[in-house]
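Work through the exercises below with the sequence and the model open. Each task is followed by its solution in steps.

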Amino acid sequence: MEISDVISVEDVVLDLRPESKTRLLKALAAQAALRTGCPAAEISSVLAARERLGSTGLGQGVAIPHARIPGLRRPYGAFARLAAPCPFEAIDDRDVDLVVLLLLPEASPQEHLNVLAKIARRLRDVEVVMRLRKAADATTAHRLLTDQPPLKSSAAA
């Protein structure tokens, strides 16, 4: 399973403006609810419970909030670039500005977990992170995140 199997261009949000980590997770849960049919309150609750176990802020301004969602049929992902960094209790105490939400079915096979590892590896690439922060549009950000070659018109991103 590839990142592009989980995150579509329609699930890329640029310049999101949450006021807090809680509001960020609620905004991502609302987006996920529209796309998955799962209740936003349930997604938000499960994400908050996962964050209480330990922050999913990886450091360097990147977070990957993730959780298993009862009733979810297939993995769902979204990418958000924040307009301004948001406190997230990351391991390096740095605010985050790049966030990938990953929701998995409750009984996920190993291949679903592998996509989480692929996303984490992709977001450890300093060049990718720098280019995501500068991406002009959702298509460019999606191609960077999913490791697809740039379109000719967006090669400079």
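**Exercise 1.** Place Glu51 in the fold, and decide whether Glu51 is buried or exposed.

Solution. Glu51 belongs to helix α2, residues 40-53; helices (H or I, at least four residues) and strands (E, at least two) are DSSP runs, numbered from the N terminus. The model is predicted: local features need pLDDT of at least 70, side-chain atom pairs count only at pLDDT 80 or more, and totals for chains, interfaces and linings use all residues. Residues are numbered from 1 along each chain as its sequence is written, and side-chain values use heavy atoms, with hydrogens and water left out.

Next, take the accessibility. Glu51 has 9% relative accessibility and therefore counts as buried (under 20% relative accessible area; exposed is over 50%, partly exposed in between; 1.4 Å probe, protein chains only).

Then list the neighbours. Leaving aside residues up to four places away in sequence, Glu51 touches Lys21, Leu25, Thr56, Pro65 and Phe88, a contact being heavy atoms within 4.5 Å.

Last, look at charge. Glu51 is linked with Lys21 and Glu89 in a network of salt bridges (a side-chain nitrogen of Lys or Arg within 4 Å of a carboxyl oxygen of Asp or Glu).

**Exercise 2.** Check the length of helix α1 and find its buried residues.

Solution. Helix α1 covers residues 21-36, and its 16 residues should span 22 Å at 1.5 Å a residue; the expected span is 1.5 Å times one less than the number of residues. The end C-alpha atoms of α1 are 22 Å apart, which agrees.

The buried residues of α1 are Lys21, Leu24, Leu25, Leu28, Ala29, Ala32 and Ala33. An α-helix has 3.6 residues a turn, so residues three or four places apart point the same way. The cover over the buried residues of α1 includes β1 (12-16), α2, β5 (76-86) and β6 (96-105). Just after α1, Gly37 takes a positive phi of about 85°.

**Exercise 3.** Which parts of the chain do the salt bridges Lys118 to Glu2 and Asp11 to Arg35 link?

Solution. Start with Lys118 and Glu2, whose side chains meet at 3.0 Å, N to O. Lys118 lies in helix α3 (residues 110-122) and Glu2 in the segment before β1, so the pair ties together parts 116 residues apart in sequence.

Asp11 and Arg35 meet at 2.8 Å, N to O. This pair links the segment before β1, which holds Asp11, to helix α1, which holds Arg35, 24 residues apart. Asp11 is buried at 2% relative accessibility, whereas Arg35 is partly exposed at 43%.
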